[in-house]
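Let's take a walk through a protein fold together, one piece at a time. Have a look at the picture, and then we'll start with a bit of vocabulary.

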Amino acid sequence: MPPRPNLVLETVLYARDLEAAEAFYGEVLGLDVLVREEGRHVFFRCGTGTVLLFDPDATRAGETLPAHGPDGEGHVAFAVETDRLAAWRRHVRRHDIPVEHEEAWGDGKRSLYVRDPGGNSVELASATLWNTAGRDDRLREVRPVLDVEPSEASAVERLQHETLRPVLKLLNPTILRLVAHRLARYGVGFARMDRADQRDRLRNLVKEDGRLKQTLLGLVAGHLTEEELSVYLDHEAEVRRRCVPMVLARVQDQVDEIADLVDDGGS
């Protein structure tokens with residue numbers, strides 16, 4: 001079985017008056033429009049997911065994709081901080097949108113319900129209402145997705161390709177800043193070196209500066225799930241041996257970016 005899904009990528013609602021619905025989700029809820037097609041759909045960004053708003057009469061045709069478009073009202077819930085629900089109540093009322101219902105779920109968790117122009121029930125709920133996303137889920141959710149085929153290789157090799165590569169890509173801005181900050185402290189005139197000397201300086205820094213190396217490896221370890229961390233600890237020397245050259249290759253490929261950061265004082 002392939003890895004189970006760990007994110008609801010799309011939430012779909014339907015409204016025949018797309019212009020009015022776009023005003024609700026864009027102006028009242030503050031979601032950014034990703035794409036729109038006149039008379040068919042408007043898509044919005046919401047965190048790491050998307051809210052897709054369709055005209056049901058257009059999508060029932062199913063021209064190239066499977067037909068869809070239910071009759072009646074739908075429902076969607078947006079996560080907000082509990083202590084901001086009072087502000088949301090005032091906000092929607094300023095837009096002449098009545099609050100249909102409020103619910104106290106216990107343990108301080110609450111929900112506030114309104115209707116969008118298409119009649120859909122829109123819930124603003126405590127972000128911790130379901131507690132479905134644990135630390136491991138959140139760590140996986142924020143990682144960039146790389147085109148990596150799962151393999152039957154060793155645990156360390158899988159960790160390298162399926163975990164370390166996306167984690168290092170996620171941490172790339174932080175890695176560059178840490179390296180540039182260290183170079184700036186040494187005051188070696190990095191930006192004025194020729195390219196070969198810059199690459200040699202980075203090689204020496206990443207491999208020989210124990211404090212920087214420990215910081216970078218600790219940063220990576222802090223972004224591992226419990227299962228991944230177990231592999232890391234069981235094979236620590238081997239994982240570190242593989243990780244350091246990956247970091248080095250990444251910073252050497254971004255010499256100009258590091259030079260700019262060094263000129264700015266590594267900030």
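Two strands count as paired if DSSP finds at least two bridges between them. Keep in mind that what you're looking at is a predicted model. With that in hand, find Phe43: its bridge partner in E4 is Leu52. Phe43 isn't on its own here, since six bridges join strand E3, residues 41-46, to strand E4, residues 49-54. These two strands run antiparallel. In general, the strands of a sheet pair through backbone hydrogen bonds, and they can do that either parallel or antiparallel.

Now zoom out to the whole sheet. Four strands make up an open sheet, in the order E1-E4-E3-E2, with mixed pairing. At the edges you'll find strand E1 (10-14) and strand E2 (32-37), each of which pairs on one side only. From one strand to the next, the twist averages 20°. Helix H1, residues 18-28, packs on this sheet and touches E1, E2, E3 and E4. The direction of H1 makes about 10° with that of E3.

Next up, the aromatic rings. The structure holds five aromatic pairs. One of them is Phe24 with Tyr25: the ring centres are 4.9 Å apart and the planes sit at 85°, so we call this pair edge-to-face. Are these two residues buried or exposed? Phe24 has 4% relative accessibility, so it counts as buried, and Tyr25, at 0%, counts as buried too. Tyr25 also pairs with Phe44, with ring centres 5.8 Å apart and planes at 45°, so that pair is tilted. Because Tyr25 lies in helix H1 and Phe44 in strand E3, the pair ties together parts that are 19 residues apart in sequence. Phe44 is buried, just as Tyr25 is. Put the ring pairs together and you get a cluster of Phe24, Tyr25, Phe44 and Phe78.

Let's move on to the helices further along the chain. The largest nonpolar core has 35 residues, and the ones touching the most other members are Ile175, Val179, Leu183, Phe190, Leu202, Val251 and Ile258. Several helices each supply at least two residues of this core, including H5 (155-170), H6 (172-186) and H7 (195-208). H10 gives the most, with seven residues. Pick out Leu202 and look around: not counting residues up to four places away in sequence, Leu202 touches Val179, Leu183, Phe190, Leu248, Val251, Gln252, Val255 and Ile258. Apart from this core lies another one, of 23 residues, among them Ala15, Leu18, Val92 and Ile97.

Helix H9 is a nice one to view down its axis. Which residues of H9 are buried? They are Glu228, Val231 and Tyr232. These three cover an arc of only 100° around the axis, which puts them on the same side of H9. On the other side, Glu226, Glu227, Leu233 and Asp234 are exposed. The cover over the buried residues of H9 includes H5, H8 and H10.

One last stop: Thr225, in the loop between H8 and H9. The cut-off for buried is under 20% relative accessible area. Thr225 has 1%, so this loop residue is buried. What is Thr225 in contact with, leaving aside its neighbours within four places in sequence? The list is Arg135, Asp136, Leu139, Arg140 and Arg143.

Terms used: Residues are numbered from 1 along each chain as its sequence is written. This is a predicted model: local features need pLDDT of at least 70, side-chain atom pairs count only at pLDDT 80 or more; totals for chains, interfaces and linings use all residues. Side-chain values use heavy atoms; hydrogens and water are left out. Axes are lines fitted to C-alpha atoms, for helices over the stretch in contact, and angles run from 0 to 180 degrees between N-to-C directions. Contact means heavy atoms within 4.5 Å. Rings of Phe, Tyr and Trp (its six-membered ring) pair if their centres lie within 6.5 Å; planes under 30 degrees apart count as stacked, over 60 as edge-to-face and the rest as tilted. Buried means under 20% relative accessible area, exposed over 50%, partly exposed in between (1.4 Å probe, protein chains only). A nonpolar core is a set of buried Ala, Val, Leu, Ile, Met, Phe, Trp, Tyr and Cys residues joined through side-chain atoms within 4.5 Å. The arc is that of the directions from the helix axis to the C-beta atoms.
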